[in-house]
Amino acid sequence: MSSGHEPVYPEYETETSQTSKLLRKFKETPFVPIGMAGFAVVVGYGLYKLKHRGNTKMSLHLIHMRVAAQGFVVGAITCGVLYSMFREHVIKPKE
């Protein structure tokens, strides 16, 4: 046995900041942060419109906002899957 301490998973045990992790994730899968940001925008817009909803019932307003947020996230996930399939199968890296 070696006396030195060798990390089992060195890429996970290195000290990195949250910003560098986010930037790395954005480069690997750019549609995940886009989906998260879109979800936050839809929620913020929903909260803003909640104040000015007029005669619309609260439950109907919340259902519309939920569907909009879910639609944006599902759309971003679909675009991400299509992008990764395109990258793997159409633009194959030369081996």
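Which residues of α3 are buried? The views below take up this question, along with a few others, in a predicted model.

**View 1. The protein chain as a whole is built from helices, with 4 of them and 0 strands.** Read from the N terminus, the elements follow the order α-α-α-α. The protein chain has 95 residues, and 11% of them count as buried. About 8500 Å² of the protein chain is exposed, and carbon and sulfur atoms account for 66% of that area.

**View 2. Helix α3 covers residues 31-51.** Here is the reply to the opening question: Pro-33, Gly-35, Gly-38, Val-42 and Gly-46 are the buried residues of α3. Their cover includes α2 (18-28) and α4. Follow helix α3 from its first C-alpha to its last and you travel 31 Å over 21 residues, close to the 30 Å expected at 1.5 Å a residue.

**View 3. Leu-22 belongs to helix α2.** Is Leu-22 buried or exposed? Leu-22 counts as exposed, because its relative accessibility is 51% and the cut-off for exposed is over 50%. Now look across to Pro-33, one of the buried residues of α3. Leu-22 and Pro-33 are 11 residues apart along the chain, and 8.4 Å separates their C-alpha atoms.

**View 4. His-61 sits in helix α4.** With a relative accessible area of 8%, His-61 is buried, since buried means under 20%. What does the side chain of His-61 reach at 3.1 Å? The partner is the backbone oxygen of Gly-46, and Gly-46 is itself among the buried residues of α3. Leaving aside residues up to four places away in sequence, His-61 touches Gly-46, Lys-49, Leu-50, Arg-53 and Thr-56.

**View 5. A nonpolar patch on the surface is formed by Ile-77, Val-81, Leu-82 and Met-85.** Together these residues have about 380 Å² of accessible area. Pick out Leu-82, which is found in helix α4, a run of residues 58-89. Why does Leu-82 count as exposed? Its relative accessibility is 52%, and exposed means over 50%. Helix α4 thus gives you two residues to compare: Leu-82 counts as exposed, whereas His-61 is buried.

Note on methods. Residues numbered from 1 in each chain as written. Predicted model: local features only at pLDDT ≥ 70, side-chain atom pairs only at ≥ 80, totals over all residues. Heavy atoms only, no water. Helix = DSSP H or I, 4+ residues; strand = E, 2+ residues; numbered from the N terminus. Buried < 20%, exposed > 50% of the residue type's maximum accessible area, 1.4 Å probe, protein only. Areas by Shrake-Rupley, 256 points an atom, 1.4 Å probe, with all protein chains shown as cover. Patch = residues over 30% accessible without salt bridge, like charges linked within 9 Å, V, L, I, M, F, W, Y side chains within 5 Å. Salt bridge = Lys/Arg side-chain N within 4 Å of Asp/Glu carboxyl O. Expected span 1.5 Å × (residues − 1). Contact = heavy atoms within 4.5 Å. Polar contact = N/O pair within 3.5 Å; in protein donor to acceptor, adjacent residues only side chain to side chain.
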